[in-house]
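Here are my notes on this entry, set out as numbered points. Please read them with the structure open.

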Amino acid sequence: MFKNWKILIVGAGTMGASIALTYGMNGFETIVYDINDKQFDKAKEIINVNLKTLVSVGEITEDKIETSNKMISFSADLEEVAPQANLVVESIFENASAKREIFAKLDRLCPSDTILTSNTSALNIFDIVQVSNPERLLITHWFNPPHMMPLIEVVRGPKTSDQTVATVKEVLMRMGKIPAVINQYIPGFIVNRFSGVIAREAGYMIDQGWCTWEDIDSAVVNTFGLRWVFEGPLESRDFIGWDISTINSDNLFQYLCNNSDPMPLAVEMVEKGTLGIKTGQGLKDYRDKDIKKLQSDRTMKILRMLKVAREL
Amino acid sequence: MFENWKIAIIGAGVQGHSIGLEYALHGFDTTIVDMTQAALDNARKLVATAADTLSLMEEITQETAEAAQKRITYTTDLAAAVSQANVIQEAVFENADVKKSIFAEIAKSCPPDAILASNTSTLNIFEIVDVPNPGRLAIVHWCTPPYIMPLVEIVRGPQITDETVNTLKELLLYLGKKPAVVNQVIPGFILNRIGLAIFREACYIAGQGWATPEDVDAALKNTYGIRWPFEGPLELRDYIGWDVSLSVGSFVIPHLCNSTKAVGTAVELTQKGWLGTKTGRGLKDYTGVDIAKVLKERNTKILKMKKVARQLNEDFS
């Protein structure tokens, strides 16, 4: 079905490059467009570093480096490449006018049945952009790093057709991705909402002096961290009992943080300028640490966890 | 430090027998107390099964499993069990009156400096129970099942001494557990607060029809499920950047579910009577499914994940 499909990635930044890699690695002819052709060298470097990493842990074989690169081309000429696309992934910066503008161009240049997707994490693309045949427009929100993280949030717009959703899911699943469908635009889709849930409750508990951030992380890592890779929080309740869960909810929800304030700890960190590794200090002190090694260690851990997840 | 320490577990139920096994596995003479011989006989069987599970998963050797079981004494004589104990862990029925009377009984016969620990998950033991030398009274809340799950929450009461807290931390670390300290009694301690906040939002999203329960689970399993074995949600923010975190949080938090009562999926399923494995149906249908086998597999997977987490720490530190 997708044999001669061409994928157009709009935006050759970090995410765009790795999304292109994902398609290319999976046999899709992929064109990476950016208005600024100086981005292409950096994108190529990202692609090749990522390919080497995957080879080093046995995720792909060495020959894949060449075959993947063959599938990926670069162009700064949107007029030339857009008419060829069966599916577009817009991955430019998170700005409403910029996205409106690029989708207007894509609408003009692409065939009327080209699937148009946006990698926005927060914008309501369906309110912002105008395209003819909006049944082919939807959000596919990838996670960092996109060539590794399996989850993709697929967000439907009010006019998105079942056909479009089904096709996009099929493409993603063929690439080993796991699509989770959200039936309308909601702030945070799924994952970022839970990021907010944790920020709110953890922030409250720390602010009240009830426990340390280390102990909250430890509690999570040593319980959910052992379970969530194979059993999600809702499915767990089949074992705990939904009646018990309901009773616990009725007893406890009122005591959780229920306000809309930003996380006090986050406010404090930003005020202090201790933003994390990028400033050398965050919750932990990174000034004496080899940050590159920390980052590459994390990548290796994720790769190992992905293998474990498949085997469990 | 803990040489020759004796442990008494009061309550031979689901949690009690398992806590007892943990102590026994680490060389402690342990006595498990319950009111009936039937309860004690059952506990002995459960201990054997648990020890077998660990041995099969190569967490412990067969020798260790057998030695541990030999170290456990089962008795209905509470006074005798606690008379020499250094730590007494209460794990009886979650009822204030029952706990009050149990601790009164314990206090009559135990050494005056024995640490008194309650496994309550919801009661403010410090207001319910009256013991001499209350500086040694603590909530020590284990997760299910205690012989597998590493987290143990230590909850401080208003009169608890730092010495008691530190001793408990040391002891739990000695057992290979991960203690987390809560500075006062708060509903849900740490884990259940975070867990129920997550549960609330998940039930809400699915209940509103915004995503299926399966997709909500899939979204979390395939993002946090991949990271949380080695990196907690707060430390992750050092990598994401606290500026980004503040921005995302501020954007999303005003839209989160604030219900003070159970919502969405929880209400639907409870109303339908689809309570889970115990009724043959919950989110999933368990008709024809060997539940005992499924339960066993879940524990096996957790043990596998513990190995993975240990290996990750060793290989990348």
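1. Which residue of β5(B) is the bridge partner of V87(B)? In this predicted model, that partner is I115(B). The strands concerned, β4(B) and β5 (residues 115–118) of chain B, run parallel and are joined by 4 bridges.

2. V87(B) also has a bridge partner in strand β1 (residues 6–10) of chain B, namely I7(B). Here too the count is 4 bridges, and β1(B) and β4(B) run parallel. β4(B) is thus bridged to β1(B) and to β5(B).

3. The side chains of β4 (residues 87–90) of chain B can be sorted by direction: V87(B) and Q89(B) point one way, I88(B) and E90(B) the other. In a regular strand the side chains alternate between the two faces of the sheet. Each of these four residues, the charged E90(B) included, is buried.

4. The connection from β4(B) to β5(B) involves helix α5 (residues 96–109) of chain B, and the three elements make a right-handed β-α-β unit.

5. The largest nonpolar core has 193 residues. The members that touch the most other members come from both chains: L8(A) and V88(A) from chain A, and I10(B), I88(B), A138(B) and I194(B) from chain B. By element, α8(B) gives the most to this core, with 11 residues.

6. For V88(A), the residues touched, leaving out those up to four places away in sequence, are L8(A), V10(A), L106(A), C110(A), T114(A), I115(A), L116(A) and T117(A). L8(A), in that list, is itself one of the core members with the most contacts to other members.

7. Between the chains, 94 residues of chain B are in contact with 95 residues of chain A. On the chain B side, the elements that each supply at least two residues include β8 (178–182), α8 (191–207), α11 (233–240) and α14 (291–315). The largest share, 13 residues, comes from α8(B). By type, this side of chain B divides into 54 nonpolar, 22 polar and 18 charged residues.

8. Helix α1 (residues 14–25) of chain A has the length expected of it: at 1.5 Å a residue its 12 residues should span 16 Å, and the end C-alpha atoms are 16 Å apart, which agrees. Because 11 of the 12 residues are buried, α1(A) is largely enclosed by the rest of the structure. Among the buried residues are M15(A), I19(A), L21(A), Y23(A) and M25(A). Just after the helix, G27(A) takes a positive phi of about 85 degrees.

Key: Residues are numbered from 1 along each chain as its sequence is written. Chains are lettered from A and ligands numbered from 1 in the order in which they are written. This is a predicted model: local features need pLDDT of at least 70, side-chain atom pairs count only at pLDDT 80 or more; totals for chains, interfaces and linings use all residues. The expected span of a helix is 1.5 Å times one less than its number of residues. A residue is buried if 20 or more other C-beta atoms lie within 10 Å of its own, exposed if 12 or fewer, and partly exposed in between; C-beta atoms are placed from the backbone. Two residues are in contact if their C-beta atoms, placed from the backbone, lie within 7 Å. Two strands pair if DSSP finds at least two bridges between them. A crossover is right-handed if, with the strands pointing away from the viewer, the path from the first strand over the helix to the second runs clockwise. A nonpolar core is a set of buried Ala, Val, Leu, Ile, Met, Phe, Trp, Tyr and Cys residues joined through C-beta atoms within 7 Å.
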